[in-house]
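Reader: I've got a new structure up on screen. Could you walk me through it?

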There are 2 protein chains.
Amino acid sequence: MSASPQSILAAARELFLEGGAERVTMRNVAERVGVTATALYRHYENREDLLRAVVSTGFEQFASYLSRSLRGKTASERLRLSGEAYLDFALDQPQMYRTIFMSVHPTGDCSPAQVRAQEQAEPTWSSTFTFLVDRVRDCMEEGSLKKAPARETGLLLWVAVHGLVSLHLVNALGEPDATFRRTYHATLARIVAGLSP
Amino acid sequence: MSASPQSILAAARELFLEGGAERVTMRNVAERVGVTATALYRHYENREDLLRAVVSTGFEQFASYLSRSLRGKTASERLRLSGEAYLDFALDQPQMYRTIFMSVHPTGDCSPAQVRAQEQAEPTWSSTFTFLVDRVRDCMEEGSLKKAPARETGLLLWVAVHGLVSLHLVNALGEPDATFRRTYHATLARIVAGLSP
DNA sequence: GTCTATAGGTGGATAGAC
DNA sequence: GTCTATCCACCTATAGAC
């Protein structure tokens with residue numbers, strides 16, 4: 001059996017999507033690849049290193065989901081598509097969403113693992129926020145949103161979107177995905193209505 | 001040394017507030033109480049039992065925070081105080097907030113631990129939601145909120161409040177508590193403005 | 001009620017043979 | 001590159017002496 005970094009990463013990713021980070025143990029990954037645990041250390045320094053690679057793929061995927069929304073022809077269409085992309089990612093990859101947006105990434109200097117996790121996570125948060133603010137600004141220039149500080153409006157939208165998604169992902173709303181999509185759309189529509197001219 | 005159920009629970013609670021459930025191990029608790037781990041089994045059946053007791057205190061505390069808001073004299077004052085109580089709880093007991101509102105409690109029948117956790121959690125979610133909806137209905141009758149389906153408006157407010165709090169608790173907003181309080185108030189004010197007559 | 005001793009489990013990581 | 005053998009750390013939980 002030959003184990004490439006790619007095959008190892010793929011196995012680790014599978015396990016992660018199935019059951020989150022805790023499921024990604026050297027032993028579990030090795031078993032799925034078809035080698036022993038020690039073999040993995042030829043390709044990844046340690047578990048933390050492997051886990052970081054897994055989460056990296058998640059960050060990239062999230063960014064690619066969001067960027068799809070730029071294909072919209074009008075500013076308000078692009079904003080709508082952003083909301084859609086955000087929802088799609090959360091429902092397609094709930095474990096990734098939890099890791100990126102629902103896990104603690106401390107501010108203070110802590111363990112090296114957490115410091116590195118934050119270095120990855122922070123750009124994702126701030127670029128998510130920035131992306132939304134840009135969509136909002138476009139809409140304000142286009143006239144489809146009331147003029148207001150774009151950062152405040154962007155935050156308001158992010159908070160609503162994340163609030164909905166994260167409550168759904170812990171089953172606090174008690175809705176299946178399909179029903180939740182309607183709740184999501186309806187709630188956002190009401191919020192956007194309050195921000196429209 | 002004598003170890004009462006209370007002293008054990010207190011130690012477990014301390015550890016939980018410091019570092020979440022994972023820190024609550026029989027060994028850690030025992031060390032803090034001043035006995036050996038095996039002694040704990042005289043007072044709690046097992047770790048799950050002890051952890052459940054810890055989380056129970058959190059649920060009760062959350063309920064007591066919320067109920068304080070009923071002292072407000074007008075409906076809109078009570079709604080405002082509810083938002084304040086929610087924020088206070090989240091900032092006072094972030095680990096508890098995470099456990100109650102940011103941890104997965106699966107819908108399907110899973111391990112006994114998760115089933116029991118859900119039995120505890122679900123009433124808390126739905127009673128939180130119901131509590132908010134009641135405040136909203138009061139406000140609508142009072143005329144301080146536009147007439148609309150109270151459940152939808154209540155959900156909208158819960159989503160906003162939880163979105164703000166949970167992003168703050170994972171440090172996604174990069175604000176210290178004091179600054180965040182202002183962001184919280186400002187954002188909610190804008191949302192409520194959109195719902196006012 | 002609390003102790004010591006102990007069983008049995010999961011997981012990360014290394015040394016050295018092949 | 002991968003294996004076996006092994007060590008270490010940490011956890012839950014029980015049996016039986018005191």
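**DNA contacts and a helix pair**

Author: A polar backbone atom of A3(B) sits 2.6 Å from a phosphate oxygen of DNA strand C. This is a predicted model, where local features need pLDDT of at least 70, side-chain atom pairs count only at pLDDT 80 or more, and totals for chains, interfaces and linings use all residues. Residues are numbered from 1 along each chain as its sequence is written, chains are lettered from A and ligands numbered from 1 in the order written, and side-chain values use heavy atoms, leaving out hydrogens and water.

Reader: How many residues surround DNA strand C?

Author: A residue counts as near if one of its heavy atoms lies within 4 Å of the strand. The closest are R27(A), T38(A), R47(A), A3(B) and T36(B), and the full number is 16.

Reader: Which side chain has a polar atom 3.3 Å from a base oxygen of DNA strand C?

Author: Y41(A) also has a polar side-chain atom at 3.3 Å, but from a phosphate oxygen of DNA strand C. The base oxygen pairs with a polar side-chain atom of T38(B).

Reader: Are α3(B) and α5(B) roughly parallel or roughly perpendicular to each other?

Author: Two packed helices are described by the angle between their axes and the distance between the axes. For α3 (residues 47-68) and α5 (residues 94-101) of chain B, the axes are 10 Å apart and the angle is about 95 degrees. Angles of 65 to 115 degrees count as roughly perpendicular, and under 35 as roughly parallel. So α3(B) and α5(B) are roughly perpendicular.

Terms used: Axes fitted to C-alpha atoms, helices over the stretch in contact; angles between N-to-C directions. Helix = DSSP H or I, 4+ residues; strand = E, 2+ residues; numbered from the N terminus. Parallel < 35°, antiparallel > 145°, perpendicular 65-115°, else oblique. Polar contact = N/O pair within 3.5 Å; in protein donor to acceptor, adjacent residues only side chain to side chain.
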